[in-house]
Amino acid sequence: MRTVIFDLDGTLADTSGDLIAAANTCFRGLGLGDLLDPSRDAATALRGGRAMLKLGFSRVDGFGETDIDAQYPVLLAAYAADIDTHTVLYPGAMDAVTQLKSDGYRVGIATNKPEGLAETLMRSLGVRDEFGSLIGADTLPVRKPDPEHHFEAVRRAGGDPKQSLLVGDTATDRDTSRNAGVPSVLVTFGPGRDNVLALDPEATINGYHELPAVVARLIG
């Protein structure tokens with residue numbers, strides 16, 4: 001069974017606003033104020049919590065890796081408490097998912113967001129049941145770019161890893177597809193557009209209306 005696996009943050013949904021708000025909660029708790037800007041730092045937000053903390057602490061003196069480790073669980077708690085204030089699905093994302101399923105593809109999610117948070121978010125957005133699988137950062141002993149993360153998402157969706165592809169938005173997604181020996185389709189409508197184009201994926205899309213035809217070309 002042919003299968004399309006989606007990344008979550010920056011691919012299916014723009015989660016950057018809520019992620020940055022959670023990081024700024026950490027910084028405010030330390031008396032540092034809001035060190036991250038929702039617009040300027042959106043690309044970093046979509047690389048995860050530790051990346052945001054590292055960037056914020058780089059803008060002040062006296063903080064380092066120990067502080068990142070200490071604040072990471074604080075960030076996760078703040079994010080869990082306010083996970084969907086600003087988050088929105090990208091235009092056309094679910095229309096594309098519906099079309100792919102109608103065309104006979106299985107669909108799933110492989111994200112480096114903790115599984116519990118990913119489940120909570122997708123249910124809050126009302127679309128969790130549209131996906132046959134959801135693999136998070138802590139579902140397996142490995143995470144992206146390890147190919148097993150992708151393979152297990154495919155298997156749990158009921159598909160064949162050899163007839164799959166990955167839709168994502170970062171170098172991590174591109175590396176995962178290469179390690180798995182499957183095509184990648186990277187979206188260009190997120191904050192990391194320039195970086196995406198430099199990654200030389202098998203295909204890019206400027207909007208989700210393009211995805212079904214691209215998938216058909218790449219895996220039949």
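How many aromatic pairs does the count come to in this structure? Before I answer, let me say that what we are looking at is a predicted model, and that the count for it comes to six aromatic pairs.

Let me start with F6 and Y208, whose ring centres are 6.4 Å apart and whose planes stand at 45 degrees, so the pair is classed as tilted, given that this label covers what lies between under 30 degrees for stacked and over 60 for edge-to-face. As for where these two residues sit, F6 belongs to strand β1, residues 3–6, while Y208 is in the loop between β8 (203–205) and α10 (211–219), so this pair ties together parts that are 202 residues apart in sequence. Both F6 and Y208 are buried, and both belong to one aromatic cluster, which is formed by F6, Y90, F131, F189 and Y208.

The next pair is F27 with F57, which is edge-to-face, with 5.3 Å from centre to centre and 80 degrees between the planes. F27 is in helix α1, residues 16–29, and F57 is in helix α3, residues 49–58, so that the pair links distant parts of the chain, 30 residues apart. Is F27 buried or exposed? With a relative accessibility of 0%, F27 counts as buried, and F57, at 3%, counts as buried too.

That brings me to the two helices themselves. The axes of α1 and α3 come within 10 Å and cross at roughly 50 degrees, and the two helices are therefore oblique to each other; the crossing of α1 and α3 is right-handed. On the α1 side the residues that meet α3 are L19, I20, A23, C26 and F27, and their counterparts in α3 are M52, L53, G56 and F57, so the list includes both members of the edge-to-face pair.

For a second helix pair, consider α7, residues 147–156, and α8, residues 171–180, whose axes come within 8 Å and cross at roughly 80 degrees, which makes α7 roughly perpendicular to α8. Here P147, H150 and F151 of α7 make the contact with T176, N179 and A180 of α8.

Finally, a word on charges over rings. R2 lies over the face of Y105, at 4.1 Å from the ring centre, and the charged end of R50 sits over the ring of Y72, 4.3 Å from its centre.

How values were computed:
Residues are numbered from 1 along each chain as its sequence is written. This is a predicted model: local features need pLDDT of at least 70, side-chain atom pairs count only at pLDDT 80 or more; totals for chains, interfaces and linings use all residues. Side-chain values use heavy atoms; hydrogens and water are left out. Rings of Phe, Tyr and Trp (its six-membered ring) pair if their centres lie within 6.5 Å; planes under 30 degrees apart count as stacked, over 60 as edge-to-face and the rest as tilted. Helices (H or I, at least four residues) and strands (E, at least two) are DSSP runs, numbered from the N terminus. Buried means under 20% relative accessible area, exposed over 50%, partly exposed in between (1.4 Å probe, protein chains only). A charge sits over a ring if NZ of Lys or CZ of Arg is within 6 Å of the ring centre and within 35 degrees of the ring normal. Axes are lines fitted to C-alpha atoms, for helices over the stretch in contact, and angles run from 0 to 180 degrees between N-to-C directions. Angles under 35 degrees count as roughly parallel, over 145 as roughly antiparallel, 65 to 115 as roughly perpendicular and the rest as oblique. A crossing is left-handed if the near helix is turned anticlockwise from the far one by less than a right angle, and right-handed if clockwise. Contact means heavy atoms within 4.5 Å.
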